[in-house]
Amino acid sequence: MRRLMVTGGAGFIGSNFVRWTLETYPDAYVLVYDKLTYAGNLDNLKDVAERFQGRYAFIRGDICDARAVREAIRAHRIEAIVNFAAESHVDRSLMEPGSFVQTDVFGTYVLLEAARAFGLRYHQVSTDEVYGEVLEGASTERDPLMPRSPYSASKAGADLLCLAYFTSFGVPVTITRGSNNIGPYQYPEKFVPLCITNAIDDEPLPVYGDGQQMRDYQYVLDHCEGIDLVLRRGQPGEVYNLGTGISTPNLEVAKRILDLLGKPYSLIRLVPDRPGHDRRYALDISKIVALGWRSRHTLDEALEKTVRWYVENEWWWRKIKSGEYREYYRRQYAERLARSRPAFSG
Ligand code: NAD
Ligand code: TYD
């Protein structure tokens with residue numbers, strides 16, 4: 001099973017997964033199939049295209065386009081689909097939910113139909129957000145799905161479809177529910193790269209509400225290793241949580257980023273909260289640990305590597321921040337920042 005179609009492979013996690021797979025398995029062949037939305041970026045795969053000629057191919061296409069998906073599978077003799085393609089940002093799902101339902105739910109259905117028709121192994125990259133907010137304890141894979149944003153609801157819909165295709169049609173699907181990823185090539189709309197790039201420019205770090213919301217931040221390559229493990233050794237029809245098992249408040253993460261960059265805490269601004277903001281996510285990771293996975297990075301190590309990458313790769317993010325991003329940033333933050341207050345003085 002070494003001929004993979006990686007949908008959404010030009011995004012943040014997908015591009016890290018593609019690089020990691022080609023480096024780790026000399027016999028792997030990877031076709032990236034990606035629509036190149038605002039979040040898809042061939043710069044994420046620039047080195048991959050150069051280093052792995054003959055083992056890597058790219059097709060620009062929409063996962064909702066059943067004919068194009070089938071042609072790609074046939075032409076590249078694909079054996080397995082790993083689906084990263086999604087609209088992935090909660091704040092955008094509050095502005096424009098339709099594209100989330102279309103890509104995350106309908107697109108997953110199209111891929112499952114293709115997997116069924118061609119007899120392919122299928123892996124769905126899902127999220128801990130499908131469990132909804134977890135005020136205490138930790139979510140296990142058997143917990144009910146209680147998503148609260150259009151993003152997490154769409155991802156939950158996709159998870160249920162995957163499990164239905166296993167039960168109804170015997171498609172060998174697995175699902176990983178990953179926690180928040182950080183690392184190279186993350187679009188700077190997400191909290192950690194937004195804080196890092198703003199801090200480098202001495203711009204305010206907008207922290208929602210009181211900053212005490214908690215997330216399990218994991219290093220992206222740990223997540224990629226876990227996905228690969230489930231792809232190779234996971235049980236079809238099963239779901240695996242994938243995270244460090246430790247959740248940290250956002251305000252604490254912002255402070256650690258400023259410490260790493262030698263910038264003052266006075267850059268942190270508490271801004272009006274995201275509507276329906278999930279207070280806490282936390283994962284029970286015993287199932288993936290039993291399969292043989294370990295997180296290789298502490299939060300400090302993950303943050304240190306991530307900050308260093310953004311410091312050393314301004315070529316990558318300055319281009320992004322000067323484009324479509326500007327209008328998004330204005331819409332999302334201009335009024336919030338005008339109504340903000342400092343978290344710390346000095
Ligand atoms: P991203 O937004 O960086 O990348 C998404 C990619 O999908 C982009 O390259 C985009 O062009 C592509 N895409 C979007 N719509 C498409 C369509 N209709 N057809 C083909 N390609 C399309 O996202 P990410 O952060 O890398 O997340 C990847 C996956 O992992 C998503 O499914 C997300 O739900 C899941 N996930 C993300 C996190 C996280 O912290 N970022 C955590 C857990 C799970
Ligand atoms: P985000 O990176 O958007 O991921 P998700 O909402 O999918 O977990 O946000 C991570 C956390 O940071 C979340 O609790 C929301 C918070 N946050 C802020 O406080 N300020 C921001 O500007 C953003 C984008 C997020």
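This passage describes the surroundings of ligand 2 in a predicted model and the strands connected with that site.

The shell around ligand 2 holds 18 residues, and those that come nearest are Glu129, Pro206, Arg274, His277 and Tyr333. By residue class, the shell divides into seven nonpolar, five polar and six charged residues. Two of the nearest residues, His277 and Tyr333, also place polar side-chain atoms by the ligand. For His277, such an atom lies 2.7 Å from an oxygen atom of ligand 2. For Tyr333, an N or O atom of the side chain is 2.6 Å from a ligand oxygen. Asn250 takes part as well, with a polar side-chain atom 2.8 Å from an oxygen atom of ligand 2. On its own, ligand 2 has 510 Å² of accessible area, and the protein covers 97% of this.

Turning to secondary structure, helix H4 (90-95) and strand E8 (205-208) each contribute at least two residues to the shell. Strand E8 provides the largest share, with three residues.

It is worth following strand E8 outward from the ligand. Strand E8 runs parallel to strand E13 (residues 268-271), and four bridges join the two. Pro206, one of the residues that come nearest to ligand 2, has Arg269 of E13 as its bridge partner. On E13, the pairing continues to strand E14 (residues 341-342), this time antiparallel and through two bridges. Here Leu270 is partnered with Arg341 of E14. Strand E13 is thus joined both to E8 and to E14, and E8 itself supplies three residues of the ligand shell.

Technical notes: Residues numbered from 1 in each chain as written. Chains lettered and ligands numbered in written order. Predicted model: local features only at pLDDT ≥ 70, side-chain atom pairs only at ≥ 80, totals over all residues. Heavy atoms only, no water. Near = heavy atom within 4 Å. Polar contact = N/O pair within 3.5 Å; in protein donor to acceptor, adjacent residues only side chain to side chain. Areas by Shrake-Rupley, 256 points an atom, 1.4 Å probe, with all protein chains shown as cover. Nonpolar A, V, L, I, M, F, W, Y, C, P; charged D, E, K, R; others polar. Pairing = 2+ DSSP bridges.
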